[in-house]
Amino acid sequence: MYGQGLLTGLKTTFKAFFSKKLTEQYPEFRPVLPPRSRGRFDLIEDKCIACGLCASACPNHVIALESVRDEETKKKKLTAYTMAMEQCLYCGFCVEACPTDALQSNQSFEHAVYFRRDINEDMLKKR
């Protein structure tokens, strides 16, 4: 009666011990990600109309953008676009809210930095 849990645990342990190992050699071989996986974001500056819909759609208020109105064309021009990636949920609401598809998600998942201040991305200086 009392040894039933012990035998079940040992059975699971021996089964895992003798099964095929699934170790990936990460730095040398990159993992194959599913097509819909989300990573860093790319901003296409030429398409951006500085409407602010991406910033308002973000639940954590990760996106901060600044714009100025051009006096000749009466259109907004993007001057600053930053994302605080340490607070990002990678939900994709900002990508869906963009009416011109200026913000896109890619599959780059390596976000390691030495200092916390370096995780904030200035999307205009990235290019």
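This report walks through aromatic pairs, charges over rings, a nonpolar core and a strand hairpin in a predicted model.

## Aromatic pairs

Let's start with the rings. The structure holds three aromatic pairs. One of them joins phenylalanine 17 and phenylalanine 18 in an edge-to-face arrangement, with 4.9 Å centre to centre and 85° between the planes. Are these two rings buried or exposed? Phenylalanine 17 has 55% relative accessibility, so it counts as exposed. Phenylalanine 18 also counts as exposed, because its relative accessibility is 64% and the cut-off for exposed is over 50%.

Another pair brings together phenylalanine 41 and tyrosine 90, and this one is stacked: the centres are 6.2 Å apart and the angle between the planes is 5°. Where do the two partners lie? Phenylalanine 41 belongs to strand E1 (residues 41-43), while tyrosine 90 sits in the loop between strand E3 (76-84) and helix H3 (93-97), so the pair ties together parts that are 49 residues apart in sequence. Phenylalanine 41 counts as buried because its relative accessibility is 1%. Tyrosine 90, at 22%, counts as partly exposed.

## Charges over rings

Rings can also have a charged neighbour in this model. Lysine 21 lies over the face of phenylalanine 17, at 5.7 Å from the ring centre. Phenylalanine 17 is thus a ring to look at twice, as it is also in the edge-to-face pair with phenylalanine 18.

Arginine 117 takes up a place over the face of phenylalanine 115, at 4.5 Å from the ring centre.

## The nonpolar core

In soluble globular proteins, nonpolar side chains tend to be buried together. Here, the largest nonpolar core has 22 residues. Phe41 is among those with the most contacts inside this core, along with Leu43, Ile63, Leu78, Tyr81, Met83 and Leu103.

Which elements each supply at least two residues of this core? They are E1, helix H2 (53-57) and E3. E3 gives the most, with four residues.

## The hairpin of E2 and E3

E3 has a partner strand as well. Strand E2 (residues 63-69) pairs with E3 in the antiparallel sense, over seven bridges. Within this pairing, which residue of E3 is the bridge partner of isoleucine 63? The partner is methionine 83. Both names may look familiar: Ile63 and Met83 are among the residues with the most contacts inside the largest nonpolar core.

E2 and E3 form a hairpin, with six residues between them. In the turn, lysine 74 has a positive phi of about 60°.

Notes
Residues numbered from 1 in each chain as written. Predicted model: local features only at pLDDT ≥ 70, side-chain atom pairs only at ≥ 80, totals over all residues. Heavy atoms only, no water. Phe/Tyr/Trp six-rings, centres within 6.5 Å; stacked < 30°, edge-to-face > 60°. Buried < 20%, exposed > 50% of the residue type's maximum accessible area, 1.4 Å probe, protein only. Lys NZ or Arg CZ within 6 Å of the ring centre and 35° of its normal. Core = buried A, V, L, I, M, F, W, Y, C linked by side-chain atoms within 4.5 Å. Pairing = 2+ DSSP bridges.
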